[in-house]
Amino acid sequence: RFNYLFVGGLHPIGFHVLNIALHCVISVLIINVFAILIGGLAYDGKGKRLSQAPKASFLAALLFGSASSSHRKCNKQDKFSIPWILFSILLCAVAMLCKEQGITVLVCVNATIDILMICKVNVLKRNQRLLHKGKPSENNELLKRGFLTRMGLLTLGGSSLLYIRWRIMGTGPPAFTEVDNPDSFADSILEQTVNYNYYYSLNAWLLLCPWWLCFDWSMGCVPLIKSVNDCRIISLVVLWICLIGLSQALCSKNSHKRRTVIFGLVLLVVTFLPASNLFLYANLNQHVDALNAWRNATVLKPDHSLAWNNMVILLDSTDNLAQAEMIGKESLKLLPKDHTIMFSLAYVLGKLKKYKESEGLFHTVLKINPHIASYHGNLAVLYHRWGKLDLAKKHYELSLKLDPAATGTKENYTMLTRKLEQLHKKGTA
């Protein structure tokens, strides 16, 4: 919001400049994190923290940009500051509001560095000892260092943030359609599993070589693997070979190497969980549940415009066009002047090639609200499909006049002008 006010609107350059500035600040702060990760936590006689790997940590900071230097401030008595922990949770909350993965900082950075670098816990040995009744002296040492208190604060903070996020999302998971997440609608579990693992290997490659990037990976951007003859299967095999190879380092006798590998794997895996389909898997019954909920809402309140419109949009997005048409017409009997429902129904009728009926609804909508760019744009698309190119050109131009930044309308208008030019050349030839 500050960026929007500062640059006076949605101008990309202002957001890019601020992002670059923030990234530079974070890249400087990360030096301290890698200094602890690579060189370990050490202090001089005055309680000042020493950097035992300055060159390596500086190089690592150039390659990666994320920080959590406020999680713990120690002095020579090896105490910790609760305000700094609370401040790190606050920063995590800000990160989460910008991007869901921000909440993983609590586990990936704060908790992991605390366990591996500050308390120097040997995870493998500790697990083995727990199976054979661990030594109480180790537990007492952790208590003296305040480990459980810090973990308690992080757990409480993380749980609170998850609850807030859950409330913001409407106390339920997001509903995805087949075009959003096609692999979740694959024919078999085996096909789904193969494609999920291919996505993991693709993301691992993009982490190393971000050459092929896309602002939206839906709409079939990545074709599904449907045959064992697809050469892309090799990439997921390579991914798991590499991960198994890395996991061998967990048994290394070199403590720094072991901790670094564990930290790297935690950072790699946990930050990817929100996007891994492990939690965000689509359930086909969600659509039915949503329709039932909205139908119940219209029974209790027949003039519930939003519920009617949501039903039409959902049925349209799942290609149930005939049912969407029926619901749309039923709702207009109760709400004959609702322009949002008219618009959604007109869009559905256009897809059903009922052009004349769709045109009539679009014109009614435009009489009510003649200055909405999307109304003119969608009417132009209708005329474009219908073959009425001059009318399509007129409404594309009206739409662009109202919203010059509409990318889809610009592309459609460009295609139309090219087609008109070709037809003109054929007519004069």
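**Side-chain contacts and nonpolar packing in the predicted model**

The charged end of K388 sits over the ring of W386, at 3.8 Å from the ring centre. A second contact of this kind involves R232, whose charged end is placed over the ring of Y198, 5.0 Å from its centre. The model in which these contacts occur is predicted.

R232 also takes part in a salt bridge with D230, in which the closest N and O atoms are 2.9 Å apart. D230 has a relative accessibility of 22% and is classed as partly exposed, because the buried class requires a value under 20%. R232 is thus named both in the contact with the ring of Y198 and in the salt bridge with D230.

Over the whole structure, the search returned 8 salt bridges. Side chains of opposite charge can pair when their charged atoms come close. In one of these bridges, the side chains of K351 and D316 meet at an N to O distance of 2.8 Å. K351 belongs to helix α15 (residues 339–351) and D316 to helix α13 (residues 305–317), so this pair ties together parts that are 35 residues apart in sequence. The two partners fall into separate accessibility classes: K351 is partly exposed, with 30% relative accessibility, whereas D316 is buried, with a relative accessible area of 11%.

Another salt bridge joins the side chains of E359 and K356, with an N to O distance of 3.6 Å. This distance qualifies because the cut-off for a salt bridge is 4 Å. Both residues lie in helix α16 (residues 355–368), where a separation of 3 residues corresponds to about one turn of the helix. E359 is buried at 10% relative accessible area, while K356 is exposed at 60%. Elsewhere, E325, K329, K354 and E357 are joined into one network by salt bridges that share partners.

Aromatic contacts were searched in the same structure, and 7 aromatic pairs were found. For F2 and F6, the ring centres are 5.8 Å apart and the planes are at 20 degrees, so the pair is stacked. F2 and F6 are both in helix α1 (residues 2–7), 4 residues apart, which is about one turn of the helix. Both of these phenylalanines are exposed. The rings of Y396 and Y413 have a centre distance of 6.3 Å and planes at 70 degrees, so this pair is edge-to-face. Y396 lies in helix α18 (residues 389–402) and Y413 in helix α19 (residues 407–428); the pair links distant parts of the chain, 17 residues apart. Y396 is buried, at 1% relative accessibility, and Y413 is partly exposed, at 21%. The value for Y413 falls outside the buried class because that class is limited to under 20%.

Ring pairs also link F343, F362 and Y375 into a cluster. F362 appears again in the largest nonpolar core, which has 32 residues. The residues with the most contacts inside this core are W308, I327, L332, L361, F362 and L379. Elements that give two or more residues to the core are α13, α14 (321–334), α15, α16, α17 (373–386) and α18. Helix α15 provides the largest share, 7 residues. Two of the contributing elements, α13 and α15, are also the helices tied together by the pair of K351 and D316.

Nonpolar side chains are found at the surface as well. W84, F87, L90, L91 and V94 form a nonpolar patch with about 460 Å² of accessible area together. One of its members, V94, is located in helix α4 (residues 82–98). V94 is partly exposed, with a relative accessible area of 46%; this value admits the residue to a patch because the requirement is over 30%.

For the protein overall, 19 helices and 2 strands were assigned. It contains 429 residues, of which 36% count as buried. The accessible surface amounts to about 26700 Å², and 65% of this belongs to carbon and sulfur atoms.

Definitions and conventions
Residues are numbered from 1 along each chain as its sequence is written. This is a predicted model: local features need pLDDT of at least 70, side-chain atom pairs count only at pLDDT 80 or more; totals for chains, interfaces and linings use all residues. Side-chain values use heavy atoms; hydrogens and water are left out. Buried means under 20% relative accessible area, exposed over 50%, partly exposed in between (1.4 Å probe, protein chains only). Rings of Phe, Tyr and Trp (its six-membered ring) pair if their centres lie within 6.5 Å; planes under 30 degrees apart count as stacked, over 60 as edge-to-face and the rest as tilted. A charge sits over a ring if NZ of Lys or CZ of Arg is within 6 Å of the ring centre and within 35 degrees of the ring normal. Patches are made of residues with over 30% relative accessible area and no salt bridge: like charges are joined within 9 Å, nonpolar side chains (Val, Leu, Ile, Met, Phe, Trp, Tyr) within 5 Å. Accessible areas come from the Shrake-Rupley method with a 1.4 Å probe; for residues, only the protein chains shown count as cover. A nonpolar core is a set of buried Ala, Val, Leu, Ile, Met, Phe, Trp, Tyr and Cys residues joined through side-chain atoms within 4.5 Å.
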